[in-house]
Amino acid sequence: MNELLNFTNTLFNLHSQIKFAVTTLERVYENKNLINSIKYDNEYFDKQALFQTSINALISNNCIIMFSSFLDEYANFNSHNLGKEIEDRIEYVRRQNKPGIKRINKWKDIKNFRNHLAAHNIKSYGKSFFSDEVKNLEYISPNTISEKKLFLLITELICLNIRDEFPEILFYMDPENRMIDKMKIIGEEIDFEEESKVIHSQMR
C-alpha cells in the first residue's frame, strides 16, 4: 500500500502542476491585450516582443517538462513496482487508460523536445542547435492551447480511473502533506547594486 500511495501522490501532484500551467496559459491568452500592455524597457530585448508571447513560451516549456514527468511516472504503474497482489487491478486500469495513452503517443516527440530544448542545454543528439549540422528539425509535441488542454484531460481521466479502482488510498492520503514542507530552499536578500558593482569590477 505504501508504494501505491507514494506513486499516486506523485502522479496526482504532477497532474495538478499540469492543470495549473495549462489553466494559466488559457488565462494569459484570454487577457492578452492587458498583458501585452506591459513593455520591455531593457535594450537587450526586442522592443516589439509581446509579453504574452514570452509568458506563453516559458510556461509552455514547463508544460513539456511536466508532461514528460507524468508519462515517466505513469510508466511505474505496474505490478513489478507496486506489488503482485494488485496486478489484476493495475492491468484493469491500464486497459481503461489505453485509449488516452494511445492518443498521447501521437505526440511522439514530447521527450525529445524536453531533452533537446526545454530541460537541457539546447542540443540535439549531442550537437549544438547553433551548429550547421543541425537543421530542419521537427517535433510532434503538444504546442497549441487545444492540444495542451487535451493532454490535461487525459491525465485527469488517468488519475480518476486509478482513484476509482483504488478508493482505499483516499483514506491514507494526507492533504496537508505538501512538498514544500519536506524541503527548504535557502535564499537571502542581497544588496544587488553593491554586489553587481563588485562583480563587474572583478570580471571586467
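In this predicted model, helix H6 spans residues 110–118, and its buried residues are Ile110, Phe113, His116 and Ala118. These residues occupy an arc of only 145° around the axis, so they lie on the same side of H6. An α-helix has 3.6 residues a turn, so positions three or four places apart point the same way.

Residues of H6 also appear among the contacts of Ser68. Ser68 belongs to helix H3 and is buried, because its relative accessible area is 1%, where buried means under 20%. With residues up to four places away in sequence not counted, Ser68 touches Ile110, Lys111 and Arg114. Ser68 and Arg114 are 46 residues apart along the chain, and their C-alpha atoms are separated by 7.2 Å.

Another residue of helix H3, which covers residues 51–74, is Gln52. Gln52 has a relative accessible area of 14% and is therefore buried. When neighbours within four places in sequence are left aside, the contacts of Gln52 are Val28, Tyr29, Lys32, Ile35 and Asn36.

The largest nonpolar core consists of 35 residues. Within this core, the residues with the most contacts are Leu11, Ile18, Phe77, Ile158, Ile162 and Phe166. At least two residues of the core are supplied by each of helix H1 (2–30), H3, helix H5 (87–104), H6 and H7. H1 gives the largest share, nine residues. Phe166, one of the core residues with the most contacts, is in contact with Leu4, Phe77, Ile86, Arg89, Ile90 and Val93, leaving aside neighbours within four places in sequence. Phe77 is thus named both among the core residues with the most contacts and among the contacts of Phe166.

Arg89, a further contact of Phe166, also takes part in a salt bridge. The side chains of Arg89 and Glu165 meet at 3.1 Å, N to O. This pair links distant parts of the chain, with Arg89 in helix H5 and Glu165 in helix H7, 76 residues apart. Arg89 has a relative accessible area of 27% and so counts as partly exposed.

In total, the structure holds seven salt bridges. One of them joins Lys108 and Asp109, whose closest N and O atoms are 3.4 Å apart. The two partners fall into separate accessibility classes: Asp109 is buried because its relative accessible area is 7%, whereas Lys108 counts as exposed at 58%. Elsewhere, Arg89, Glu165 and Glu168 are joined into one network by salt bridges that share partners.

A further salt bridge is formed between the side chains of Arg27 and Glu30, at 3.4 Å from N to O. Arg27 and Glu30 are three residues apart in helix H1, so about one helical turn separates them. Arg27 has 42% relative accessibility and is therefore partly exposed, while Glu30, at 51%, counts as exposed. Over a longer stretch of the chain, Arg27 and Ser196 are 169 residues apart, and their C-alpha atoms are separated by 36 Å.

Residues of the chain preceding Arg27 are met by Ile145, which lies in helix H7. Ile145 touches Leu25 and Glu26, not counting residues up to four places away in sequence. Ile145 and Leu25 are 120 residues apart in sequence, yet 7.4 Å apart in space from C-alpha to C-alpha. With a relative accessible area of 26%, Ile145 is classed as partly exposed, because this value lies between the limits of 20% and 50%.

On the surface, Met179, Ile180, Met183 and Ile185 make a nonpolar patch of about 440 Å². Met183 is placed in the loop between helix H7 (145–165) and helix H8 (192–203). At 45% relative accessibility, Met183 is partly exposed.

Key:
Residues numbered from 1 in each chain as written. Predicted model: local features only at pLDDT ≥ 70, side-chain atom pairs only at ≥ 80, totals over all residues. Heavy atoms only, no water. Patch = residues over 30% accessible without salt bridge, like charges linked within 9 Å, V, L, I, M, F, W, Y side chains within 5 Å. Areas by Shrake-Rupley, 256 points an atom, 1.4 Å probe, with all protein chains shown as cover. Salt bridge = Lys/Arg side-chain N within 4 Å of Asp/Glu carboxyl O. Helix = DSSP H or I, 4+ residues; strand = E, 2+ residues; numbered from the N terminus. Buried < 20%, exposed > 50% of the residue type's maximum accessible area, 1.4 Å probe, protein only. Arc of directions from axis to C-beta. Contact = heavy atoms within 4.5 Å. Core = buried A, V, L, I, M, F, W, Y, C linked by side-chain atoms within 4.5 Å.
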